[in-house]
Every structure is written in structure tokens, then in C-alpha cells.
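Here's a walk through the structure, starting with the fold and ending with a few single residues. Keep the viewer open as you read.

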2 protein chains.
Amino acid sequence: MSGAPQTHHPHDASSAERRREILEISAQLFAERGYRGTSMRHIAEKVGMLPGSLYYHFRSKESLFVDIHDRALDETAARIEAAMSLHTDPWDRLEAACAEMLDIQLNPASLTLPIMNNLHSVPEEVTDALVRKRDEFELIFRRLVDALPLEEDIDRSIYRILLLRQLNTADGWYREGRLTRREIARQILRIFRHARTD
Amino acid sequence: MSGAPQTHHPHDASSAERRREILEISAQLFAERGYRGTSMRHIAEKVGMLPGSLYYHFRSKESLFVDIHDRALDETAARIEAAMSLHTDPWDRLEAACAEMLDIQLNPASLTLPIMNNLHSVPEEVTDALVRKRDEFELIFRRLVDALPLEEDIDRSIYRILLLRQLNTADGWYREGRLTRREIARQILRIFRHARTD
DNA sequence: CCTACCGATCGGTAGG
DNA sequence: CCTACCGATCGGTAGG
């Protein structure tokens, strides 16, 4: 319960802070320019240290990325569960989850912009671990979708995949101004809402 | 009408063939590993020439990518227009277009796998040209969606964007075997079909 | 966390 | 289309 990070070196308070700072800054860079397009030198520059110094905090670029990815998913899962729990109706629960997810994905100031997709820009050695973590995360949506009173000719597996794609890739086209995040969540749900009439 | 490529050097028949071969092979590599993850050396190796020789056929890696992108969109537009034109009902036309689009996006042997999204893996100098070309292509879907008898509280602009996202990113999750491309097109349309009842 | 550095790889070019 | 090469950049490390 101490919450100590699983680092491989002394983790006093200031070191943990610094580590967190590196995570947040590099998360933004990875989100903007992709894994390969983001160099350790660039990260170091924005953090305000020299390139080699990053390796005092992280073993490698890959482990830095995996760390961001895992933390982002954990935090996102927690926020979504909290938002869902305020509702009981299955459609309301789904909408709350989607709105929260969009809010996270579309907020550039967010600590958590994981590059949820386009894993082919990440070296193959780490994709296995990322996919496993992601599958675990998506169980939330599997449960949400399974609880829906959907029309019977809709494949729930495809339905879930399509919905998640929509949420995860929204940052690729969203532009501040025209529509709020919440209005977009509404429109997505508007399209995906196919209630069984019983 | 000669169909001669707009190259900057002699384009006899065999040179045009070679050029085409480079385009097809590099298109696949770009699709698999992203722009930055694909090196000119790797392309050259798969084509069967030495790295420097690629520059006999293309001015730069960027221009090679832009060329692939433009050709892919032109060919895709032509195929979609042909598929659409077999129908008159707006929903049938949309479904035909989507099925064709999916068929292209999900076919690994296809000459045209453009990496339609994730433009942030491409250097900024070329994204303007790519986005312009893409906007032009998407006019097809703008017309298709505008012709639909949609329920009135659905934003056609968002609707079009969401549908295109779905089609363009399908290769990120599709796995051969479980469902055919046509069944997926059906499921997507099943979700996006919200007819006005009038 | 800095200094100083390594080997590998990259896009690209001159000259034939 | 090959030979031979360039400068730049990359992830990472030793030693302090």
C-alpha cells in the first residue's frame, strides 16, 4: 500500500516527482509524433535535462513507453468505472463511460494520451505486453455492451470493437470549437443506440 | 492520354514497370510499419536493388510516400464510384461504397494500403498535401451521406466522419477468418442505418 | 544527474 | 542502376 513505483533505483520523493514529470511530458510527445517520431533527446530537452540522464529514471525508451501506456490505462479505467457507477440503466451507463473516455482522449492537457491505436509504430518486442493490458482494459466495455438490450441481429463483439475504435481514434479528427466533447459522445451514442423493442 | 508518369527522368517501359513495383512494395511496408518505421534501405532490399538506386526512381522518401498516397486514393475512388453506380437506393449505394472500401482496406495483397490515418507519423512538410487529397476523396462520402433519409437529430457531418473512421481503421483490428469483409460491412451498415420513418 | 562517447542506422548524393 | 560515401541522428552506456 506504499504506492512506491517499481523502479530499479533509489526512489526518494523528488526522484518520484521527476519520474512523473518525464512520464507526462513524454506521453504528450508520443501522442503528437508517434513512438518512432519521438526521440529520447527531444523528451530530455522538454524535461530540462541532458539525454543520457533520462536513463537514470528509465531503463530504456521501450520501458518508458510501456510504463506510460499501463498507467494511462489504469487511470482511465478508474475514471470510467467511477462515471459508470452513477447510473443503473445500461444505456446510461454506456453513455457515461463513452463520455468519460472521450473526455480523456480529447483532452490535450490530460496526463493520459496513450496512442491507443496504431501499434505498428511501436517495436514488436513490446506489443505483446501492450495488447494484453489493452484486452484487460476492454473488459469494461465488454461487460457494458453485454448488458445492453440490443437488437438480436447485431453482433456484440463487432459492436464493441466498432464503438471502441470510435472513442479511441476521435483525437485524429476532433478540433476544438465546433462541438463539445459531450455533444460528440451524444452523437456517437445516438448512432450506436439500437434498442430492442420489447 | 499517354498515361506517362510525371517523373523527372526518362520513363521507358521497363522503368515505369520498376517504378510501379517499388510503389507496391513500399506501400505494403509503409502500411505494416508506418512511415518512420520503414527505411529506404528496407524498401530497396525487398525490391532487389541497392539503397541509393531508389533515388533514380524517386526524388525522396517523402515524394515516394505522397505518390503512393495519391495513387491509392485515385484507384480507391474509381472502384467505389463503380460499385456505387450499380444501385439507386441511397442506403444501397452507401452499403456498396462501404463494402468496396473495406475490401480495399482489408486486402493485404491490395496495391493500395494508404495508412489513411495516423498522419502524425508522417513529417509535417507533406501532411498539407495529403490532407488536401483526402478531403477531395471524402467528397464521395459527403454526397452519399447527404442523400440519406436520416433522422433529423443526427449531425451528418459527424455521421460521415464516424463512418469513414470505421472504414479506414478496420485493418487495425480485422483478423482473417472470423468474419468476411462483406459481413463486417453489413454490421457497420446495420449500426449506421437510422432511417427516417416517413 | 552531467560528461563524453559508442556503434548503428538513417536519408540522401556524386560520379560513373 | 551500382560504388562509395556524407552528415545527422538515434538509443544507449561508462564513469563519475
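## Fold, symmetry and DNA

Chain A has eight helices and zero strands. Keep in mind that this is a predicted model. Reading chain A from start to end, the pattern is simply α-α-α-α-α-α-α-α. Of its 198 residues, 52% count as buried. As for how chain A folds back on itself, take the contacts between residues at least 6 apart in sequence: 68% of those join residues at least 24 apart.

How do the two protein chains relate to each other? Chain A can be laid on chain B with an RMSD of 0.0 Å, using a turn of 180 degrees and a shift of 0.0 Å along the axis. The two copies are therefore related as by a two-fold rotation axis. Both copies also use the same surface, since 100% of the contact residues of chain A recur in chain B.

**DNA strand C.** Now to the nucleic acid. DNA strand C is surrounded by 14 residues, and the closest are Arg18(A), Met49(A), Ser53(A), Arg41(B) and Lys61(B). So both protein chains appear among those closest residues, because Arg18(A) and Arg41(B) are each on that list. Which helices supply at least two residues each to the surface near DNA strand C? They are α3 (54-57) of chain A together with α2 (40-47) of chain B. By residue type, that surface divides into five nonpolar, six polar and three charged. On the DNA side, 53% of the strand C atoms within 4 Å of the protein belong to sugar or phosphate, and the rest belong to bases.

**DNA strand D.** Strand D also has 14 residues around it, the closest being Arg41(A), Lys61(A), Arg18(B), Met49(B) and Ser53(B). Sugar and phosphate make up 53% of the strand D atoms that come within 4 Å of the protein.

Here are some of the atom pairs between chain A and the two strands:

| Residue | Protein atom | DNA atom | Distance |
|---|---|---|---|
| Arg18(A) | polar side-chain atom | phosphate oxygen, DNA strand C | 2.5 Å |
| Leu50(A) | polar backbone atom | phosphate oxygen, DNA strand C | 3.0 Å |
| His57(A) | side-chain N or O atom | phosphate oxygen, DNA strand C | 3.2 Å |
| Met40(A) | polar backbone atom | phosphate oxygen, DNA strand D | 2.9 Å |
| Arg41(A) | side-chain N or O atom | base nitrogen, DNA strand D | 2.7 Å |
| Tyr55(A) | side-chain N or O atom | phosphate oxygen, DNA strand D | 3.1 Å |

For the surface near DNA strand D, the elements that give two or more residues are α2 (40-47) of chain A together with α3 (54-57) of chain B. The residues of that surface split into five nonpolar, six polar and three charged. If you want a base contact to look at, go to Arg41(A), where an N or O atom of the side chain is 2.7 Å from a base nitrogen of DNA strand D. For a phosphate contact made through the backbone, try Leu50(A), which has a polar backbone atom 3.0 Å from a phosphate oxygen of DNA strand C.

## Cysteines

How many disulfides are there over all chains? The count comes to zero. Cys98(A) is buried, with a relative accessible area of 0%. Its counterpart by number, Cys98(B), is at 1% relative accessibility and counts as buried too.

## A few residues away from the DNA discussion

Is Arg181(B) buried or exposed? Arg181(B) counts as buried, because its relative accessibility is 18% and the cut-off for buried is under 20%. Arg181(B) is found in helix α8 (residues 181-192) of chain B. Leaving out residues up to four places away in sequence, Arg181(B) touches Leu102(B), Asp103(B), Leu106(B), Asn107(B), Tyr174(B) and Glu176(B).

Thr127(B) lies in helix α6 (residues 124-146) of chain B. At 16% relative accessibility, Thr127(B) is another residue that counts as buried. With residues up to four places away in sequence set aside, Thr127(B) touches Leu119(B) and Val122(B).

Pro108(A) sits in the loop between α5 (90-106) and α6 (124-146) of chain A. Pro108(A) has a relative accessibility of 47%, so it counts as partly exposed. The C-alpha atom of Pro108(A) is separated by 20 Å from that of Arg186(A), which is 78 residues away along the chain.

Note on methods: Residues are numbered from 1 along each chain as its sequence is written. Chains are lettered from A and ligands numbered from 1 in the order in which they are written. This is a predicted model: local features need pLDDT of at least 70, side-chain atom pairs count only at pLDDT 80 or more; totals for chains, interfaces and linings use all residues. Side-chain values use heavy atoms; hydrogens and water are left out. Copies are superposed by least squares on the C-alpha atoms of residues with pLDDT of at least 70 in both. Contact means heavy atoms within 4.5 Å. A disulfide is a pair of cysteine sulfur atoms within 2.5 Å. Buried means under 20% relative accessible area, exposed over 50%, partly exposed in between (1.4 Å probe, protein chains only). A polar contact is a pair of N or O atoms within 3.5 Å; within protein, one must be able to donate a hydrogen and the other to accept it, and residues adjacent in sequence count only if both atoms are side-chain atoms. Helices (H or I, at least four residues) and strands (E, at least two) are DSSP runs, numbered from the N terminus. Ala, Val, Leu, Ile, Met, Phe, Trp, Tyr, Cys and Pro count as nonpolar, Asp, Glu, Lys and Arg as charged, and the others, Gly among them, as polar.
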